[in-house]
Amino acid sequence: MKGIITVGLDGSLASAAAAFWAADEARLRHARLQLLHAWPMLGPESTETPFKSDQNQWSHRIIDEARTAVQERCPDLALDVALVREEPLEALLTAATRSDLLVLGSRDLGTLAGYFVGELGLQVMARADVPTVLIRSRQAPAAEDTGGDVVLGMSLHEPCDALVRFAFEAAARRRVSLRALHGRHLPAHAYNRGGGVEPYVAQLSKADAQLELTEALQSWREKFPQVRVEERVGMESPAPALLHGSAGAGLLVVGRRHRHHLLSRRIGHVVHAVVHHAPCPVAVVPHE
């Protein structure tokens, strides 16, 4: 653990909300918060240049406003600032190597449009070696508000220890319940010739999935006895199951396979759907 959380700032309302969320998370973790703004056209800093004519005036304003707001919210929080002359993507990925968590704002286009995740956010999620959290402007938490439950999306097809640990630790810090969700398609033999679903087969399939989920979480329940766990299985596609099951949540945690081959640096369709439409902040956790 590096003890640093980095939030990327661009002057938008979404990045301001991200700064608040990151500050609260840093307080919960007893970590340092780094406010990062990157712009390749930054000029050299000079103490002799009047502020009103400083070509970096806008960048300084972004950092200063965020720092003031965070210090008012969390006056005892250890805080660093970084104003970097670099492309934002490269600056964020470099910061990730020195951080435990990246936090980014996402533009809010309303309930119908859901998340608007730009190319930068998608590339950071796909390439960062640490968890990335996406926040919309209207999801800015009130001071001292830990929000709703933590929701964990599990596939059960492969080991995902880093993902599960992140979710349990998040729930433990917030002192909230953990909702473990698993979405699964009905098997082909669950459908009859008329296109309907055989209830008995559907019930057996759900029971099997429920048993697998319970077994996958058993050791984690023992490691985190203070966390109340609720298990849910939805017999539908994973993405809709997660979106339906995350209503009222404070944080949705999903995983991304961590591959080092550059051609495989992408997010899956489930993560893509979730980060565009989830009703709460989303943490994307890379795992083997």
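Reader: Which strand do 3 bridges join to E6?

Author: Quick background: this is a predicted model, where local features need pLDDT of at least 70, side-chain atom pairs count only at pLDDT 80 or more, and totals for chains, interfaces and linings use all residues. Residues are numbered from 1 along each chain as its sequence is written, and side-chain values use heavy atoms, with hydrogens and water left out. Helices (H or I, at least four residues) and strands (E, at least two) are DSSP runs numbered from the N terminus, and two strands pair if DSSP finds at least two bridges between them. Here 3 bridges tie E6, running antiparallel, to residues 282–287, which is strand E11.

Reader: And which residue of E11 stands opposite Val133?

Author: Val133 is on one side of E6, along with Ile135. Across from Val133, in E11, is Ala283.

Reader: Are the two faces of E6 buried or exposed?

Author: Buried means under 20% relative accessible area, exposed over 50%, and partly exposed in between (1.4 Å probe, protein chains only). For residues 132–136, 5 of 5 make the buried cut. Thr132, Leu134 and Arg136 on one side and Val133 and Ile135 on the other all come out as buried.

Reader: What is the centre to centre distance for Phe168 and Trp220?

Author: Rings of Phe, Tyr and Trp (its six-membered ring) pair if their centres lie within 6.5 Å; planes under 30 degrees apart count as stacked, over 60 as edge-to-face and the rest as tilted. The structure has 2 aromatic pairs. In this one the planes are 25 degrees apart, so the pair is stacked, and the centres are separated by 6.2 Å.

Reader: Which helices does that pair link?

Author: The two residues are 52 apart in the chain. Phe168 is in residues 161–174 and Trp220 in residues 199–223, that is, helices H5 and H6.

Reader: Why does Trp220 count as buried?

Author: Its partner Phe168 is buried because its relative accessibility is 0%. Trp220 counts as buried too, because its relative accessibility is 4%.

Reader: Which residue has its charged end over the ring of Trp220?

Author: A charge sits over a ring if NZ of Lys or CZ of Arg is within 6 Å of the ring centre and within 35 degrees of the ring normal. At 4.1 Å from the centre of the Trp220 ring, the charged end belongs to Lys223.

Reader: Which backbone oxygen does the side chain of Ser246 reach?

Author: Ser246 lies in the loop between helix H7 and strand E10, and is buried because its relative accessibility is 0%. At 3.3 Å, its side chain reaches the backbone oxygen of Leu243.

Conventions: A polar contact is a pair of N or O atoms within 3.5 Å; within protein, one must be able to donate a hydrogen and the other to accept it, and residues adjacent in sequence count only if both atoms are side-chain atoms.
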